[in-house]
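Work through these exercises with the structure open beside you. Try each task before you read its solution.

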Amino acid sequence: MKILLTGGLGYIGSHTAVEVINAGHETIIIDNLSNSKIEVLEKIEKITKKRPKFYQEDVCDINALTKVFKENPDIFAVIHFAGFKAVGESCKEPLKYYKNNLISTLNLLEVMEKFNCKNFIFSSSATVYAVSEIMPLEEDFPLGASNPYGRTKLFNEEILEDYQNAHPDFNIVLLRYFNPIGAHESGLLGEDPNGIPNNLMPYICKVATGELDHLNIFGKDYNTKDGTGVRDYIHIVDLAKGHIKALEKMLEENVGLKIYNLGTGTGYSVLDIVNTFNKVNGNLVKYEFVARRPGDIAMCYASPSKAEKELGFKTTKTLEDMCRSSYLYQKNNKK
Ligand code: WQD
């Protein structure tokens, strides 16, 4: 089948493109390169021996998006990754985030309706959950994002739910990612944020390659096993394969609207990550404890049981795989 990936040259999009191609689907990518690089297209081709059809366009440009569907009238499903995703930046520039992350989705729904494309997988996030003392997080837990980026994910979920209510023959799967880390085993694809990374693993990798001096661990006084923050880190390839499971379900039946956590169900602390990274890659990461980062929570991890039961989703990669593959990619792509 023909599958359109928006933002398909990004970190999650490119790893998913590899799995979509490996699953035998014809893959089309639309990406405006605002947070990705054209070289990723060659790397996808090198890994899969197939070159996705590529459009360097902005999903917020409805004429450009219409052109993509006109030239590919039989797209079976859209996987929508395109969006800005930096929490801190979203607080400084909320309008940029609301316009980009919402108009892209509204355009897709309008154009998909025009071309009778009825299957939509949305890249959502654990940030849509309200702060909860109770863990693990289940899909029916209370929602409530705490920053503009998270609110764009939440608002998108609500837009999609309203649309599906009005169009029962339109199928939507909302995939709530926890903390994706790691890289493809080839070392060709990985997380490559512009500038100083906000997220833990890309920051650790730049310390390991000497691009940054040491890691600042934000807080050692949380109510966790070692005082540092706990998150549900999921290998990017396991996460990508979760999209294939969602596609398979859409090929089998009209799913209506389904919501799934994509996580491992295991929480690891910052020190778990640093110590595992140093164990598998050599003692490369020095760190210091500093004050908590505003907005951080102590603990967040998923219950993946709904995805396991309904999609047959199962993570297979270990924390060591995540640390080893992250560093391999960083070494190959050191600036
Ligand atoms: C993880 C842990 C930090 C950096 C983010 C986004 C969220 C989602 C997943 C998209 C925390 C600690 C981090 C550092 C540190 N992305 N840390 N030093 O905050 O759980 O979630 O990624 O949907 O939207 O907010 O991930 O990697 O930033 O932090 O100590 O230099 O590492 O305090 O405990 P987070 P993170």
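The exercises below concern a predicted model.

**Exercise 1. Check the span of helix α1, residues 11–22, and decide how far the rest of the structure encloses it.**

Step 1. Start with the expected span. Helix α1 has 12 residues, and at 1.5 Å a residue they should span 16 Å.

Step 2. Compare this with the model. The end C-alpha atoms of α1 are 17 Å apart, which agrees.

Step 3. Turn to burial. The cut-off is under 20% relative accessible area. In α1, 11 of the 12 residues are buried, so the helix is largely enclosed by the rest of the structure. Among them are Y11, H15, E19 and I21.

Step 4. Look past the end of the helix. Just after α1, G24 takes a positive phi of about 90°.

**Exercise 2. Do the same for helix α5, residues 94–114, and find what covers its buried residues.**

Step 1. Take the length. Helix α5 has 21 residues and reaches 30 Å from its first C-alpha to its last. That is close to the 30 Å expected at 1.5 Å a residue.

Step 2. List buried positions. They include Y97, N101, L102, T105, L108, L109 and M112.

Step 3. Recall helix geometry. An α-helix has 3.6 residues a turn, so residues three or four places apart point the same way.

Step 4. Find the cover. The elements over the buried residues of α5 include strands β1, β4 and β5. Helices α3, α4 and α6 are also among them.

Step 5. Check what comes next. N116 follows α5, and its phi is positive, near 55°.

**Exercise 3. Which atoms does the side chain of T48 reach, and is T48 buried or exposed?**

Step 1. Place the residue. T48 lies in helix α2, residues 39–48.

Step 2. Trace its polar contacts. The T48 side chain reaches the backbone oxygen of I44 at 2.8 Å. The T48 side chain also reaches the backbone oxygen of K50, at 3.0 Å.

Step 3. Add contacts from elsewhere in the sequence. Leaving out residues up to four places away, T48 touches V18, I21 and N22. Of these, V18 and I21 are buried residues of α1.

Step 4. Classify T48. Its relative accessibility is 10%, so T48 counts as buried.

**Exercise 4. Describe the surroundings of S303, and examine the peptide bond between M135 and P136.**

Step 1. Place S303. It sits in the loop between β14 (299–300) and α10 (305–311).

Step 2. Classify S303. At 7% relative accessibility, it counts as buried.

Step 3. Find its side-chain partner. A polar contact of 2.9 Å joins the side chains of S303 and S305.

Step 4. List its contacts beyond four places in sequence. S303 touches P136, L137, E138, E139 and N261.

Step 5. Follow P136. P136 is in the loop between β5 and α6. The peptide bond from M135 to P136 is cis, with omega about 0°. For context, most peptide bonds are trans.

**Exercise 5. Compare L33 and K49: where does each lie, and what is its phi?**

Step 1. Place both. L33 lies in the loop between β2 (26–30) and α2. K49 lies in the loop between α2 and β3 (53–55).

Step 2. Read the angles. Phi of L33 is positive, about 60°, although L33 is not a glycine. K49 is also not a glycine, and its phi is positive, near 65°. Most residues other than glycine have a negative phi.

Step 3. Assign exposure. L33 is partly exposed, at 22% relative accessibility. K49 is exposed, at 67%.

**Exercise 6. Characterise the shell around the ligand and the polar contacts within it.**

Step 1. Find the nearest residues. Of the 19 residues around the ligand, Y149, L200, R231, R293 and D296 come nearest.

Step 2. Sort the shell by class. It has nine nonpolar, seven polar and three charged residues.

Step 3. Identify the top contributor. Strand β8, residues 215–218, gives the most to the shell, with four residues.

Step 4. Go through the polar contacts. A ligand oxygen is 2.9 Å from a side-chain N or O atom of S125. For the side chain of N179, the corresponding distance is 3.0 Å. L200 uses a backbone N or O atom, 2.7 Å from a ligand oxygen.

Step 5. Work out the cover. Taken alone, the ligand exposes 690 Å², and the protein buries 88% of that.

Definitions and conventions: Residues are numbered from 1 along each chain as its sequence is written. This is a predicted model: local features need pLDDT of at least 70, side-chain atom pairs count only at pLDDT 80 or more; totals for chains, interfaces and linings use all residues. Side-chain values use heavy atoms; hydrogens and water are left out. Helices (H or I, at least four residues) and strands (E, at least two) are DSSP runs, numbered from the N terminus. The expected span of a helix is 1.5 Å times one less than its number of residues. Buried means under 20% relative accessible area, exposed over 50%, partly exposed in between (1.4 Å probe, protein chains only). A polar contact is a pair of N or O atoms within 3.5 Å; within protein, one must be able to donate a hydrogen and the other to accept it, and residues adjacent in sequence count only if both atoms are side-chain atoms. Contact means heavy atoms within 4.5 Å. A residue is near a molecule or strand if one of its heavy atoms lies within 4 Å of it. Accessible areas come from the Shrake-Rupley method with a 1.4 Å probe; for residues, only the protein chains shown count as cover. Ala, Val, Leu, Ile, Met, Phe, Trp, Tyr, Cys and Pro count as nonpolar, Asp, Glu, Lys and Arg as charged, and the others, Gly among them, as polar.
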